[in-house]
Amino acid sequence: MQPLVLVVLGSDSDLPRVGGLLSVFEELEVPFELTLCSAHRDPERTARVAAEAGPRGIRVVIAAAGMAAHLAGALAARTVLPVIGVPLGGSALAGVDALLSTVQMPRGIPVATVGIDRADNAAYLAAQIVALTDPALALRLEARRDAQRGELVERDRRLQDVGPRGYLEERR
Ligand code: RP5
């Protein structure tokens, strides 16, 4: 199936941090492609991957990287597709380095940045963008929201039944 979202990771060491993204795309049935590409170790390929994404039918790009994370910005420089940046933790600065590098793009080349290690939210946001022209996907997103709402109602019902102490006890 034609991938609609391109996910670029700065390193294979980032893979364990983006498991949530895989689950969201699987659940919502969003066709995606995942590739490794480093902005500093292979800047030529990074430029190529970004430039070719639109002509290949990709609708949204997600870039996840840690440390001095310039991957999302480097990709955004070469495409007018929306680019979502996922700053990854695990560094000496616990991801704050990647957060600032990703979110603080200068004027004209935006990167929509989610929270540190929030690859799942990047996947939801990408799905919402794709859903602008895919009503069936929009319905699946609505269903996910409904399920989330239902889960919270259930939890509150249990909290009211057993009280806060009992609830904490049960969750231990
Ligand atoms: C970044 O440097 C990657 O995105 C990764 O988070 C970090 C470390 O990469 P490796 O040295 O493990 O390949 O570019």
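Here are some worked exercises on the fold, burial and salt bridges of the structure above.

Before you start: this is a predicted model, where local features need pLDDT of at least 70, side-chain atom pairs count only at pLDDT 80 or more, and totals for chains, interfaces and linings use all residues. Residues are numbered from 1 along each chain as its sequence is written, and side-chain values use heavy atoms, with hydrogens and water left out.

**Exercise 1. The sheet**

Task: work out in which order the five strands form the open sheet, and which strands stand at the edges.

Solution:
- Start with the terms: helices (H or I, at least four residues) and strands (E, at least two) are DSSP runs, numbered from the N terminus. Two strands pair if DSSP finds at least two bridges between them.
- Strands of a sheet pair through backbone hydrogen bonds, either parallel or antiparallel.
- Reading across, the order is β2-β1-β3-β4-β5, and the pairing is parallel.
- That puts β2 (32-36) and β5 (112-113) at the edges; each has a single partner strand, so one side of each has no neighbour in the sheet.

**Exercise 2. Around β3**

Task: find the bridges that join β3 to β1 and to β4, then give the hand of the β-α-β crossover from β3 to β4.

Solution:
- On one side, five bridges join β3 to strand β1 (residues 5-9), and the two run parallel. To see the register, look at Val 8, whose bridge partner in β3 is Ala 63, and at Val 5, which stands opposite Val 60.
- On the other side, β3 pairs with strand β4 (residues 83-88) over six bridges, again in the parallel sense. Here Gly 66 stands opposite Leu 88 of β4.
- Now follow the chain from β3 through helix α3 (residues 71-76) to β4: this crossover is right-handed. The test is that, with the strands pointing away from the viewer, the path from the first strand over the helix to the second runs clockwise.
- Finally, check burial (buried means under 20% relative accessible area, exposed over 50%, partly exposed in between, with a 1.4 Å probe and protein chains only). Six of the seven residues of β3 (residues 60-66) are buried, so the strand is largely enclosed by the rest of the structure.

**Exercise 3. Two residues and their contacts**

Task: say whether Ile 84 and Thr 102 are buried or exposed, and list what each one touches.

Solution:
- Contact means heavy atoms within 4.5 Å, and the lists below don't count residues up to four places away in sequence.
- Ile 84 sits in strand β4 and is buried, with a relative accessible area of 1%.
- Among the residues that Ile 84 touches are Val 60, Ile 62, Ala 63, Val 111, Val 114, Leu 125 and Ile 129.
- Thr 102 belongs to helix α4 and is buried too, at 4% relative accessible area.
- Thr 102 touches Ala 69, Ala 72, Gly 85, Pro 87, Val 111 and Thr 113.

**Exercise 4. Positive phi**

Task: find where Met 67 and Asp 117 lie, and what their phi values are.

Solution:
- Met 67 lies in the loop between β3 and α3; its phi is near 60 degrees, a positive value in a residue other than glycine. At 57% relative accessibility, Met 67 counts as exposed.
- Asp 117 is in the loop between β5 and α5 (119-131), with phi near 65 degrees. At 27% relative accessibility, Asp 117 counts as partly exposed.

**Exercise 5. Salt bridges**

Task: count the salt bridges, then trace the one between Glu 27 and Arg 144.

Solution:
- The rule: a side-chain nitrogen of Lys or Arg within 4 Å of a carboxyl oxygen of Asp or Glu. By this rule the count is ten.
- Glu 27 and Arg 144 meet at 2.9 Å, N to O. This pair links distant parts of the chain, with Glu 27 in helix α1 (residues 19-28) and Arg 144 in helix α6 (residues 135-171), 117 residues apart.
- Glu 27 is partly exposed at 44% relative accessibility, whereas Arg 144 is buried at 16%.
- Step outward and you get a network of salt bridges linking Glu 27, Arg 144, Glu 151 and Arg 155.
- Another bridge joins Arg 158 and Glu 170 at 2.6 Å, N to O.
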